[in-house]
Amino acid sequence: MSRSIFSDFATVRYEGVASTSDLAYRWYDAERVVLGKPLREHLRFAVAYWHSLAMNGSDPFGAPTIHRPWMGRSDAMQAAREKADAAFDLFRVLDLPFYTFHDRDITPEGETLRESIANLHSMADYLAMKMESSKTRLLWGTANLFSHPRFMSGAATNPDPEVFAYSATTIKHCMDVTKKLGGVNYVLWGGREGYETLLNTDLRQEAEQMGRMLALVVEYKHKIGFDGQILIEPKPKEPTAHQYDFDTATVFGFLKKCGLENEVKVNLEANHALLAGHSFEHEIGTAASLGILGSLDINRGDPLLGWDTDQFPVDLYSMTLSMYHVIQAGGLGQGGMNFDAKVRRQSTEAEDLLHAHIGGVDLCARAFLAAAKMHEDGLLAGRVAARYAGWDTPENQAVLVGNTPLNLIAARSEERNIDPQPRSGEQERLENLVSRYL
């Protein structure tokens, strides 16, 4: 095992809000019991292998600015092992419970499909060995089915059936590796499952292909006895003009159409919510209401830019509301909070990556503590319940569950000569209520 760029850093510890260290947690006390569980079990933080170890600072307008020792090595497999050594040093320093990866993050593409598969399983063995001496477990794995030119027209939705077969084969082996490494989720992110123009697109055909791939994944999950969740990560656009997994509601409609709404959940990302014209808390609340909340990618987007900037989170108000809806939903279960975020291309030092994660961890922990207090006090939930209290009567419950036909509703309304008046939604009062917890 080689020394890495993180070897000389001590493990980051909780020191409280009075700490003067830049490399300490001020809010994330992992063992602090809140709502009956330690914070580490509520938050289930994960480090994203690709943004932390593979990101090189390039963007649509500029060349790479970040050069890690394993980048550009002539021996690609040796570079992958060196990257893995650095990854587990980073996990040790941050002292977070999980990590996540794409196949191409942990291992290089081979000259052939067989070589790529062999590389993947070889690196899975290496990661398994690294995990023997590490506390960090695998939250989820996924396949990169968007970077290589073969996927320029999609993976599952590609008009070429050989690309579909290549993608299915890659997913099969990534699921095998995820199970082998003890992963508790498997994510499907359709990076190019969409279209750039309808001039060359058969929407019905592509939807059929996408549904078939999802069914194959679910069938294989049960075949191999994988106990983890299958997760779809919604994203509305970029790189394609329109992607089929636009947002949570769109994904749920697709799952219902395929009869898979009880088999698949969503992995939600804050930046993707912004691109869809939503807030993160909207997507979380929607998924919770539909029973498909699975896991979270923690980051933020820049509202002034039109692409997926994947920045580390800094907005305490928004994150508090997001954590509140997670708590109201009963938590994330075997999901987690993955830092799908990257340092800025001007942040070139290894230490910059530590500061980014420490800030993100502390923001989420601080938001969760505020949200937990809001949940325990029940003031916000009480105001919401009071707003809908009229529906609690037996007569109105009968309407809601479908036991009262339209003509009877109309007859009753006319008999009573009802004249409903507007009632305040109290938005400003409730915004002030939330602010008092921050």
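Let us begin with helix H8, residues 248-258, whose buried residues are Thr248, Val251, Phe252, Phe254 and Leu255. Around the helix axis they span an arc of only 160°, which places them on the same side of H8. A general point helps here: an α-helix has 3.6 residues a turn, so residues three or four places apart point the same way. I should add at once that this is a predicted model.

What do the buried residues of H8 pack against? Their partners are helix H7 (203-224), strand E8 (229-232), strand E10 (264-269) and helix H10 (280-290). After H8 comes glycine 259, with a positive phi near 70°. In the same region, lysine 256 and glutamate 261 form a salt bridge, with 3.8 Å between the closest N and O atoms. Lysine 256 itself is partly exposed, its relative accessible area being 46%.

I turn now to the interior. The largest nonpolar core has 113 residues, and the members that touch the most others are Tyr49, Tyr99 and Leu296. Helix H12, residues 350-377, contributes the most to this core, namely 16 residues. A second core, of 8 residues, is separate and includes Ala46, Ala48, Trp140 and Leu231.

Leucine 296 deserves a closer look. Leaving aside residues up to four places away in sequence, leucine 296 touches Asn267, Leu268, Phe280, Ile284, Met323, Val326, Leu332, Gly336, Met337 and Asn338. Two of the elements already named return in this list: Asn267 and Leu268 fall within strand E10 (264-269), while Phe280 and Ile284 fall within helix H10 (280-290).

Next, threonine 320. This residue lies in helix H11, residues 316-328. Is threonine 320 buried or exposed? Threonine 320 has a relative accessible area of 0% and is therefore buried. With residues up to four places away in sequence again set aside, the contacts of threonine 320 are Ala367, Ala370, Ala371, Met374 and Leu438.

Let me move to the charged pairs. How many salt bridges does the structure hold? The structure holds 22. One of these joins glutamate 82 to arginine 73, where the closest N and O atoms are 3.1 Å apart. The two partners differ in exposure: glutamate 82 counts as buried, at 13% relative accessibility, whereas arginine 73 is partly exposed, with a relative accessible area of 42%.

Another salt bridge brings together the side chains of arginine 416 and glutamate 395, at 2.7 Å from N to O. Arginine 416 belongs to helix H15 (residues 406-416) and glutamate 395 to helix H14 (residues 394-400), so this pair ties together parts that lie 21 residues apart in sequence. Glutamate 395 counts as partly exposed, at 29% relative accessibility. There is also a network: Asp103, Arg104, Glu109 and Arg150 are joined into one by salt bridges that share partners.

Finally, the surface. Which residues form a nonpolar patch there? The patch consists of Val384, Tyr388, Trp391, Leu400 and Val401, and together these residues have about 510 Å² of accessible area. Valine 384 is located in helix H13, residues 379-387. With a relative accessible area of 39%, valine 384 is partly exposed. Membership of such a patch requires over 30% relative accessible area, so valine 384, at 39%, meets that cut-off.

Notes:
Residues numbered from 1 in each chain as written. Predicted model: local features only at pLDDT ≥ 70, side-chain atom pairs only at ≥ 80, totals over all residues. Heavy atoms only, no water. Patch = residues over 30% accessible without salt bridge, like charges linked within 9 Å, V, L, I, M, F, W, Y side chains within 5 Å. Areas by Shrake-Rupley, 256 points an atom, 1.4 Å probe, with all protein chains shown as cover. Salt bridge = Lys/Arg side-chain N within 4 Å of Asp/Glu carboxyl O. Helix = DSSP H or I, 4+ residues; strand = E, 2+ residues; numbered from the N terminus. Buried < 20%, exposed > 50% of the residue type's maximum accessible area, 1.4 Å probe, protein only. Core = buried A, V, L, I, M, F, W, Y, C linked by side-chain atoms within 4.5 Å. Contact = heavy atoms within 4.5 Å. Arc of directions from axis to C-beta.
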